[in-house]
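Biologist: I would like a close look at a single part of this model, the helix in the middle of the packing, and then at what lies around it. Please go slowly, as for a first-year student.

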Amino acid sequence: YFFQIFDAFKSRLHDSNSKVNQVALETMHKMIPLLKDNLSPVINMLIPAIVDNNLNSKNPGIYAAATNVIQALCQHLDKYLLLQPFCTKAQFLNGRAKQDMTERLA
């Protein structure tokens with residue numbers, strides 16, 4: 001069920017409605033401390049959904065929420081779990097998102 005829940009939730013992180021997208025990111029921020037390393041099976045699916053478009057968003061609320069989620073991941077998950085997905089995203093992103101992900105990796 002864990003995969004099914006996060007597979008459905010992932011699409012809200014990409015939602016074209018900015019309010020839905022922002023609430024999904026804010027909800028994800030609240031869930032991370034509760035789930036911690038239990039997110040490991042879905043982390044490779046979640047990081048692209050969190051990072052893609054959201055870290056380059058012109059909407060300050062979405063950008064702030066996405067940044068908060070990335071920060072929460074770094075605080076509450078084993079860094080080893082984040083290394084590969086962060087490297088992949090930093091390699092293929094551009095603009096502010098690339099800078100943010102590169103700083104997190106450093």
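Modeller: What follows starts with one helix and then moves outward to its surroundings.

The model is predicted. The part to look at is α3, which spans residues 43-51. Seven of the nine residues of α3 are buried, so this helix is largely enclosed by the rest of the structure. The buried ones are Ile-43, Met-45, Leu-46, Ile-47, Ala-49, Ile-50 and Val-51. What do they pack against? The partners of these buried residues are α1, α2, α4, α5 and α6.

Next comes the nonpolar core. The largest one holds 33 residues, and Met-28, Ile-50 and Leu-73 have the most contacts inside it. Of these, Ile-50 is one of the buried residues of α3. The elements that contribute two or more residues to the core are α1, α2, α3, α4 (60-76), α5 (79-92) and α6 (95-105). Its largest share, nine residues, is supplied by α4.

Leu-73 shows how α3 is held in contact from one side. Leaving aside residues up to four places away in sequence, Leu-73 touches Ile-32, Ile-43, Ile-47, Ile-50 and Leu-82. Among these, Ile-43, Ile-47 and Ile-50 are buried residues of α3.

Lys-89 is another neighbour, and it lies in helix α5. Is Lys-89 buried or exposed? Its relative accessibility is 15%, so Lys-89 counts as buried, the cut-off being under 20%. With residues up to four places away in sequence again left out, Lys-89 touches Ile-47, Pro-48, Val-51, Asp-52 and Met-101. Ile-47 is thus touched by Lys-89 and also by Leu-73.

Now the ends of the stretch. α3 is followed by Asn-53, which sits in the loop between α3 and α4. The phi of Asn-53 is positive, near 70°, in a residue other than glycine. Asn-53 is exposed, with a relative accessible area of 59%. On the other side, the loop between α2 and α3 contains Lys-36. Lys-36 is not a glycine either, and has a positive phi of about 45°. At 41% relative accessibility, Lys-36 is partly exposed.

Two of the partners of α3 also pack against each other. Helix α1 (residues 2-12) and helix α2 (residues 18-35) meet at an angle of about 140°, and their axes are 9 Å apart. α1 and α2 are therefore oblique to each other. From α1, the contact uses Phe-6, Phe-9 and Arg-12; from α2, it uses Val-20, Asn-21, Ala-24, Thr-27, Met-28, Met-31 and Leu-35. Sorted by class, this contact has seven nonpolar, two polar and one charged residues. Met-28 of α2 takes part in this contact and is also among the residues with the most contacts inside the core.

Not every residue of α1 is enclosed. Gln-4 is found in helix α1 and is exposed, with a relative accessible area of 55%.

Last, the cysteines. How many disulfides are there? The count is zero. The sulfur of Cys-74 is 12 Å from its closest cysteine sulfur, in Cys-87, and that is too far for a bond, because a disulfide needs the two sulfur atoms within 2.5 Å. Cys-74 is buried, at a relative accessible area of 14%, whereas Cys-87 is partly exposed at 33%.

How values were computed:
Residues are numbered from 1 along each chain as its sequence is written. This is a predicted model: local features need pLDDT of at least 70, side-chain atom pairs count only at pLDDT 80 or more; totals for chains, interfaces and linings use all residues. Side-chain values use heavy atoms; hydrogens and water are left out. Buried means under 20% relative accessible area, exposed over 50%, partly exposed in between (1.4 Å probe, protein chains only). Axes are lines fitted to C-alpha atoms, for helices over the stretch in contact, and angles run from 0 to 180 degrees between N-to-C directions. Helices (H or I, at least four residues) and strands (E, at least two) are DSSP runs, numbered from the N terminus. Angles under 35 degrees count as roughly parallel, over 145 as roughly antiparallel, 65 to 115 as roughly perpendicular and the rest as oblique. Contact means heavy atoms within 4.5 Å. Ala, Val, Leu, Ile, Met, Phe, Trp, Tyr, Cys and Pro count as nonpolar, Asp, Glu, Lys and Arg as charged, and the others, Gly among them, as polar. A nonpolar core is a set of buried Ala, Val, Leu, Ile, Met, Phe, Trp, Tyr and Cys residues joined through side-chain atoms within 4.5 Å.
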